[in-house]
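Me: Got a minute to walk me through this chain? I'd like to start with its surface.

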Amino acid sequence: MTNTKKISIVFDNTTLDPGLKTEWGFACVIELDNEKSLFDTGNDGKILLSNMARLGYAPKDFSRLIISHMHWDHVGGVIDFLHHNSDVIVYMPASSLTDDINMIKSISKSVVLVSEPVEITDGLFSLGDLPGYLNEQSVVLKTDEGLVVLTGCAHPGVLNIVKRARVSFPDVPVKLLIGGFHLLHDSTESVIELIEKLKRLNVQQVAPTHCTGEKQMELCRQLYAGHYIKAGAGLKLQFK
Ligand SMILES: [Zn+2]
Ligand SMILES: [Zn+2]
């Protein structure tokens, strides 16, 4: 048994690898054993596919596409990706607009509308269609080291997302919170307060990126000293 658990950011506003292209948006590969899922697609299919190729991923290798929410910076690459692989099962929030659902159904054979928290595959869960400025689904990867909570833009609020994860898995600490935290309009005081709350909820490490905001990411880096992971396209993390 290989038991591989990996995540790899393939699209982001920033990059750790100068050979990758950057644009405002987010996409991340989740690998469980030999099964690959793509979480979001960034804002541009050509950039998504070129970054994926550089990082060794071909669309044909994927069995699932998980869409956090229908904002363009997360679904701009959906059509290009599906044109390369229309066999993936697409998981999208049940609250998505009918036109968007129908557009995806016209390309993909299998679309799952997520409302309640659900196990997507062994060890990978959606936290459900969480209400927010725009409803959004986040995912949780269950590892031996704790939960890895992966957010798109965190429009329901990153704290609410973590709380939902703690309700679904009350006895498991959050090893890592990673993705867009959407704090770019938040004041220093409110970010400090948020970080204290995240620590009280037993969030051990953070890797904020995408729409978190530069000043707000720097605060996370300082206040999560030693437990902050610098994120960006090209970040690969492996878990036990
Ligand atoms: Zn976003
Ligand atoms: Zn958004």
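Me: So how much area does the chain expose, and what share comes from carbon and sulfur atoms?
Reply: About 10,300 Å², with carbon and sulfur atoms supplying 51% of it. Those areas come from the Shrake-Rupley method with a 1.4 Å probe, and for residues only the protein chains shown count as cover. Bear in mind that this is a predicted model, where local features need pLDDT of at least 70, side-chain atom pairs count only at pLDDT 80 or more, and totals for chains, interfaces and linings use all residues. Residues are numbered from 1 along each chain as its sequence is written, chains are lettered from A and ligands numbered from 1 in the order in which they are written, and side-chain values use heavy atoms, with hydrogens and water left out.

Me: OK. What's the secondary structure?
Reply: Seven helices and 13 strands. These are DSSP runs numbered from the N terminus: H or I over at least four residues for helices, E over at least two for strands.

Me: And how compact is the chain?
Reply: As compact as a globular protein of that length, because its radius of gyration is 16 Å, close to the 18 Å that the globule rule gives for 240 residues. The radius is taken over C-alpha atoms, and the rule is 2.2 Å times the number of residues to the power 0.38. The C-alpha trace spans about 45 × 40 × 40 Å along its principal axes.

Me: What percentage of the residues is buried?
Reply: 57% of the 240. Buried means under 20% relative accessible area, exposed means over 50%, and partly exposed is in between (1.4 Å probe, protein chains only).

Me: Give me a buried one in a helix.
Reply: Try V162, which sits in helix α5 (residues 158-168) and has 0% relative accessibility. Beyond its neighbours within four places in sequence, V162 is in contact (heavy atoms within 4.5 Å) with V174, L177, L198, L201 and V203. V203 is 41 residues away along the chain, yet the two C-alpha atoms are separated by 8.2 Å.

Me: And one in a strand?
Reply: L141, in strand β9 (residues 139-143), is buried at 3% relative accessibility. Outside its neighbours within four places, L141 has contacts that include I7, I30, L32, L124 and F239.

Me: How many of the chain's contacts join residues at least 24 apart?
Reply: 64%, counting contacts between residues at least 6 apart in sequence.

Me: Switching to cysteines: how many disulfides are there?
Reply: Zero, where a disulfide is a pair of cysteine sulfur atoms within 2.5 Å. For C28, the nearest cysteine sulfur is that of C211, 14 Å away. C220 is in no disulfide either; its nearest cysteine sulfur, again that of C211, is 12 Å away.

Me: Are C28 and C220 buried or exposed?
Reply: Buried: C28 has a relative accessible area of 0%, and C220 comes in at 2%.

Me: Which non-glycine residues have a positive phi?
Reply: Two to look at are N202, with a phi of about 70°, and H210, at about 50°. N202 is in the loop between α6 (188-200) and β12 (203-209), while H210 lies in the loop between β12 and α7 (214-223). N202 is partly exposed at 35% relative accessibility, whereas H210 is buried at 5%.
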